[in-house]
Amino acid sequence: MPTTRPGRIWNAMLAGNERFISGSPQHPRQDVERRHSVANGQAPVAAIFGCADSRLAAEIIFDMGLGDAFVVRNAGQVASESVIGSLEYAVAVLQVPLILVLGHDSCGAVASAIASQAADAEPLPPHIANLIAPIVPAVHRVTRTAPDEAIDPGTVDPSEVGREHLRDTVAELLARSEIISSAVAANTLAIVGANYRLEQGRVVPDVVVGMTDPVAEHQPER
(Lines give C-alpha, C1' and ligand atoms only; values in the text may rest on other atoms or scores of the structure.)
Protein backbone atom coordinates (compact mmCIF):
# COMPACT_ATOMS: atom_id res chain seq x y z
CA MET A 1 0.00 0.00 0.00
CA PRO A 2 2.33 2.77 -1.20
CA THR A 3 -0.22 5.59 -1.21
CA THR A 4 -0.91 7.85 1.77
CA ARG A 5 -4.19 9.42 0.62
CA PRO A 6 -7.06 8.19 2.82
CA GLY A 7 -9.50 7.53 -0.02
CA ARG A 8 -7.01 5.42 -1.91
CA ILE A 9 -6.01 3.58 1.25
CA TRP A 10 -9.63 2.82 2.02
CA ASN A 11 -10.23 1.59 -1.52
CA ALA A 12 -7.15 -0.65 -1.23
CA MET A 13 -8.46 -2.01 2.07
CA LEU A 14 -11.85 -2.74 0.51
CA ALA A 15 -10.09 -4.51 -2.36
CA GLY A 16 -8.23 -6.62 0.21
CA ASN A 17 -11.52 -7.38 1.92
CA GLU A 18 -12.96 -8.55 -1.40
CA ARG A 19 -10.01 -10.91 -1.82
CA PHE A 20 -10.65 -12.26 1.68
CA ILE A 21 -14.36 -12.73 0.94
CA SER A 22 -13.67 -14.60 -2.29
CA GLY A 23 -11.08 -16.85 -0.66
CA SER A 24 -8.21 -15.54 -2.76
CA PRO A 25 -6.03 -13.48 -0.36
CA GLN A 26 -2.57 -12.47 -1.53
CA HIS A 27 -1.01 -12.34 1.97
CA PRO A 28 1.08 -9.31 0.92
CA ARG A 29 4.13 -8.06 2.79
CA GLN A 30 4.26 -11.05 5.13
CA ASP A 31 7.59 -12.53 4.04
CA VAL A 32 11.02 -12.54 5.67
CA GLU A 33 12.16 -9.51 3.68
CA ARG A 34 9.20 -7.46 4.93
CA ARG A 35 9.82 -8.61 8.50
CA HIS A 36 13.39 -7.35 8.31
CA SER A 37 12.41 -4.08 6.61
CA VAL A 38 9.99 -3.04 9.37
CA ALA A 39 12.10 -4.20 12.31
CA ASN A 40 13.62 -0.78 12.91
CA GLY A 41 10.58 1.41 12.32
CA GLN A 42 6.95 1.53 11.27
CA ALA A 43 4.93 3.59 8.82
CA PRO A 44 1.40 2.15 8.87
CA VAL A 45 -1.09 3.47 6.33
CA ALA A 46 -4.08 3.22 8.66
CA ALA A 47 -5.06 2.87 12.30
CA ILE A 48 -7.77 0.29 12.92
CA PHE A 49 -9.75 0.46 16.16
CA GLY A 50 -11.84 -2.67 16.45
CA CYS A 51 -13.47 -5.08 18.83
CA ALA A 52 -11.30 -7.66 20.59
CA ASP A 53 -13.59 -10.44 19.30
CA SER A 54 -11.46 -13.39 18.13
CA ARG A 55 -13.37 -13.50 14.83
CA LEU A 56 -12.36 -9.95 13.92
CA ALA A 57 -8.69 -10.15 12.90
CA ALA A 58 -8.15 -6.85 11.10
CA GLU A 59 -5.08 -7.62 9.03
CA ILE A 60 -6.62 -10.89 7.83
CA ILE A 61 -10.00 -9.54 6.74
CA PHE A 62 -8.31 -6.71 4.80
CA ASP A 63 -5.51 -8.94 3.45
CA MET A 64 -2.83 -6.60 4.81
CA GLY A 65 0.79 -7.22 5.78
CA LEU A 66 3.30 -6.52 8.51
CA GLY A 67 3.57 -2.82 9.23
CA ASP A 68 0.46 -1.87 7.23
CA ALA A 69 -1.97 -1.26 10.09
CA PHE A 70 -1.70 0.15 13.61
CA VAL A 71 -4.32 -1.93 15.41
CA VAL A 72 -6.05 -1.05 18.69
CA ARG A 73 -8.67 -3.37 20.14
CA ASN A 74 -10.91 -3.83 23.14
CA ALA A 75 -14.26 -5.52 23.75
CA GLY A 76 -17.00 -3.56 21.99
CA GLN A 77 -14.59 -1.00 20.50
CA VAL A 78 -15.18 1.38 23.39
CA ALA A 79 -13.25 4.67 23.28
CA SER A 80 -11.30 4.42 26.54
CA GLU A 81 -8.44 6.70 27.58
CA SER A 82 -5.87 4.14 26.43
CA VAL A 83 -7.59 3.76 23.06
CA ILE A 84 -7.73 7.50 22.44
CA GLY A 85 -4.10 7.88 23.50
CA SER A 86 -3.07 5.07 21.15
CA LEU A 87 -4.98 6.60 18.24
CA GLU A 88 -3.51 10.02 18.98
CA TYR A 89 -0.07 8.43 18.81
CA ALA A 90 -0.96 6.93 15.44
CA VAL A 91 -2.09 10.31 14.12
CA ALA A 92 0.48 12.65 15.70
CA VAL A 93 3.59 10.47 15.63
CA LEU A 94 3.02 7.85 12.95
CA GLN A 95 0.97 10.30 10.85
CA VAL A 96 -1.60 7.82 9.64
CA PRO A 97 -4.11 9.49 7.29
CA LEU A 98 -6.97 7.09 8.08
CA ILE A 99 -8.65 5.76 11.22
CA LEU A 100 -11.09 2.89 10.77
CA VAL A 101 -13.49 2.19 13.64
CA LEU A 102 -14.65 -1.37 13.09
CA GLY A 103 -17.68 -2.93 14.74
CA HIS A 104 -19.34 -6.24 13.92
CA ASP A 105 -22.53 -8.24 14.26
CA SER A 106 -23.13 -10.70 17.11
CA CYS A 107 -20.97 -8.58 19.41
CA GLY A 108 -20.79 -9.93 22.96
CA ALA A 109 -20.26 -6.48 24.47
CA VAL A 110 -23.37 -5.15 22.72
CA ALA A 111 -25.36 -8.18 23.88
CA SER A 112 -24.18 -7.61 27.45
CA ALA A 113 -25.13 -3.94 27.30
CA ILE A 114 -28.63 -4.87 26.15
CA ALA A 115 -29.04 -7.61 28.78
CA SER A 116 -27.81 -5.29 31.53
CA GLN A 117 -30.85 -3.04 31.06
CA ALA A 118 -33.43 -5.74 31.80
CA ALA A 119 -35.49 -5.33 34.96
CA ASP A 120 -34.14 -8.58 36.39
CA ALA A 121 -30.55 -8.19 35.20
CA GLU A 122 -27.86 -9.54 37.49
CA PRO A 123 -25.16 -7.00 38.42
CA LEU A 124 -22.07 -7.31 36.26
CA PRO A 125 -18.50 -7.42 37.59
CA PRO A 126 -17.31 -3.81 37.98
CA HIS A 127 -14.72 -3.83 35.18
CA ILE A 128 -17.14 -5.35 32.70
CA ALA A 129 -19.89 -2.94 33.75
CA ASN A 130 -17.54 0.01 33.22
CA LEU A 131 -16.49 -1.34 29.84
CA ILE A 132 -19.99 -1.66 28.42
CA ALA A 133 -21.36 1.54 30.01
CA PRO A 134 -20.65 3.64 26.88
CA ILE A 135 -22.79 1.22 24.83
CA VAL A 136 -25.84 1.55 27.07
CA PRO A 137 -26.98 4.96 25.70
CA ALA A 138 -27.29 3.37 22.25
CA VAL A 139 -29.54 0.70 23.76
CA HIS A 140 -31.94 3.31 25.08
CA ARG A 141 -31.94 5.36 21.88
CA VAL A 142 -32.80 2.30 19.83
CA THR A 143 -35.55 1.26 22.27
CA ARG A 144 -36.71 4.87 22.78
CA THR A 145 -36.57 4.47 26.54
CA ALA A 146 -35.29 6.69 29.33
CA PRO A 147 -31.77 5.99 30.67
CA ASP A 148 -33.16 4.56 33.91
CA GLU A 149 -36.00 2.62 32.29
CA ALA A 150 -35.86 -1.17 32.11
CA ILE A 151 -36.22 -2.89 28.76
CA ASP A 152 -37.12 -6.31 27.40
CA PRO A 153 -33.86 -7.52 25.81
CA GLY A 154 -35.76 -9.94 23.57
CA THR A 155 -37.35 -7.05 21.69
CA VAL A 156 -34.08 -5.27 20.88
CA ASP A 157 -32.23 -5.60 17.57
CA PRO A 158 -28.52 -5.94 18.48
CA SER A 159 -27.48 -4.84 14.98
CA GLU A 160 -29.25 -1.50 15.44
CA VAL A 161 -27.58 -1.00 18.80
CA GLY A 162 -24.21 -1.89 17.30
CA ARG A 163 -24.61 0.65 14.52
CA GLU A 164 -25.67 3.36 16.96
CA HIS A 165 -22.71 2.58 19.18
CA LEU A 166 -20.37 2.68 16.18
CA ARG A 167 -21.56 6.18 15.31
CA ASP A 168 -21.26 7.22 18.95
CA THR A 169 -17.65 5.99 19.01
CA VAL A 170 -16.67 7.99 15.93
CA ALA A 171 -18.33 11.09 17.41
CA GLU A 172 -16.60 10.49 20.74
CA LEU A 173 -13.15 10.32 19.14
CA LEU A 174 -13.78 13.68 17.50
CA ALA A 175 -15.21 15.24 20.67
CA ARG A 176 -12.58 14.00 23.11
CA SER A 177 -9.40 14.27 21.04
CA GLU A 178 -8.17 17.64 19.85
CA ILE A 179 -5.38 15.90 17.94
CA ILE A 180 -7.85 13.78 15.97
CA SER A 181 -10.44 16.51 15.39
CA SER A 182 -7.77 19.02 14.34
CA ALA A 183 -6.28 16.55 11.86
CA VAL A 184 -9.72 15.98 10.34
CA ALA A 185 -10.30 19.73 10.13
CA ALA A 186 -6.92 20.15 8.42
CA ASN A 187 -7.81 17.45 5.85
CA THR A 188 -4.86 15.30 6.91
CA LEU A 189 -7.02 12.59 8.48
CA ALA A 190 -10.22 10.78 7.58
CA ILE A 191 -12.29 8.48 9.79
CA VAL A 192 -14.43 5.61 8.58
CA GLY A 193 -16.88 3.76 10.82
CA ALA A 194 -17.76 0.33 9.43
CA ASN A 195 -19.40 -2.91 10.45
CA TYR A 196 -18.03 -6.37 9.75
CA ARG A 197 -20.46 -9.14 8.87
CA LEU A 198 -19.10 -12.33 10.39
CA GLU A 199 -20.83 -14.81 8.11
CA GLN A 200 -20.11 -12.99 4.85
CA GLY A 201 -16.69 -11.66 5.80
CA ARG A 202 -17.71 -8.29 4.38
CA VAL A 203 -16.87 -4.86 5.78
CA VAL A 204 -19.70 -2.35 5.24
CA PRO A 205 -19.02 1.37 5.79
CA ASP A 206 -21.60 3.24 7.83
CA VAL A 207 -20.15 6.69 8.47
CA VAL A 208 -17.33 8.60 6.78
CA VAL A 209 -15.75 11.79 8.15
CA GLY A 210 -13.18 13.97 6.40
CA MET A 211 -12.80 11.88 3.24
CA THR A 212 -12.05 14.15 0.27
CA ASP A 213 -10.85 11.48 -2.18
CA PRO A 214 -13.18 9.39 -4.36
CA VAL A 215 -13.95 6.07 -2.69
CA ALA A 216 -15.38 2.79 -3.86
CA GLU A 217 -19.15 2.72 -4.00
CA HIS A 218 -20.47 0.76 -1.04
CA GLN A 219 -23.84 1.70 0.40
CA PRO A 220 -23.77 2.47 4.14
CA GLU A 221 -25.96 0.34 6.37
CA ARG A 222 -29.25 1.82 7.48
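## Briefing: internal spaces and the five-stranded sheet

The largest cavity in this structure has a volume of about 40 Å³. The model is predicted, and the structure holds one cavity of 30 Å³ or more. The largest pocket contains about 180 Å³ of space. An open sheet of five strands is also present, and helix α8 lies across four of its strands, namely β1, β3, β4 and β5.

**The largest cavity**

- The lining of the largest cavity consists of Gly76, Gln77, Gly103, His104, Cys107, Val110, Gly162, His165 and Asn195.
- By residue class, this lining comprises two nonpolar and seven polar residues, with no charged residue.
- Strand β3 and helix α8 each contribute at least two residues to the lining of the largest cavity.

**The largest pocket**

- The largest pocket encloses about 180 Å³.
- Its lining is made up of 13 residues, of which His104, Asp105, Ser106, Ser159 and Arg163 are the closest to the pocket centre.
- Two elements, α8 and β4, give two or more residues to the lining of the largest pocket.
- Helix α8 gives the most to this lining, with four residues.
- Four nonpolar, five polar and four charged residues form the lining of the largest pocket.
- His104 is named both among the residues lining the largest cavity and among those closest to the centre of the largest pocket.

**The sheet**

- Strands of a sheet pair through backbone hydrogen bonds, in either a parallel or an antiparallel manner.
- In this open sheet the strand order is β2-β1-β3-β4-β5, and the pairing is mixed.
- The edges are formed by β2 (69-74) and β5 (202-209), each of which pairs on one side only.
- On average, neighbouring strands of the sheet are turned by 25 degrees against each other, direction ignored.
- Strand β1 (residues 46-51) runs parallel to β2 and is joined to it by six bridges.
- Within this part of the sheet, Cys51 has Asn74 of β2 as its bridge partner.

**Helix α8 and its surroundings**

- Helix α8 spans residues 158-176 and lies across β1, β3 (98-104), β4 (190-197) and β5.
- Relative to β4, helix α8 runs at about 160 degrees.
- Helix α8 supplies at least two residues to the lining of the largest cavity and four residues to that of the largest pocket.

Conventions: Residues are numbered from 1 along each chain as its sequence is written. This is a predicted model: local features need pLDDT of at least 70, side-chain atom pairs count only at pLDDT 80 or more; totals for chains, interfaces and linings use all residues. Side-chain values use heavy atoms; hydrogens and water are left out. Two strands pair if DSSP finds at least two bridges between them. Axes are lines fitted to C-alpha atoms, for helices over the stretch in contact, and angles run from 0 to 180 degrees between N-to-C directions. Contact means heavy atoms within 4.5 Å. On a 1 Å grid over the protein atoms alone, a cavity is a set of points where a 1.4 Å probe fits but cannot get out, and a pocket is an open set with protein on both sides within 12 Å along at least five of seven lines; lining residues have an atom within 4 Å of a point. Grid points are joined across faces, edges and corners, and a volume is the space filled by probe spheres set on the points. Ala, Val, Leu, Ile, Met, Phe, Trp, Tyr, Cys and Pro count as nonpolar, Asp, Glu, Lys and Arg as charged, and the others, Gly among them, as polar.
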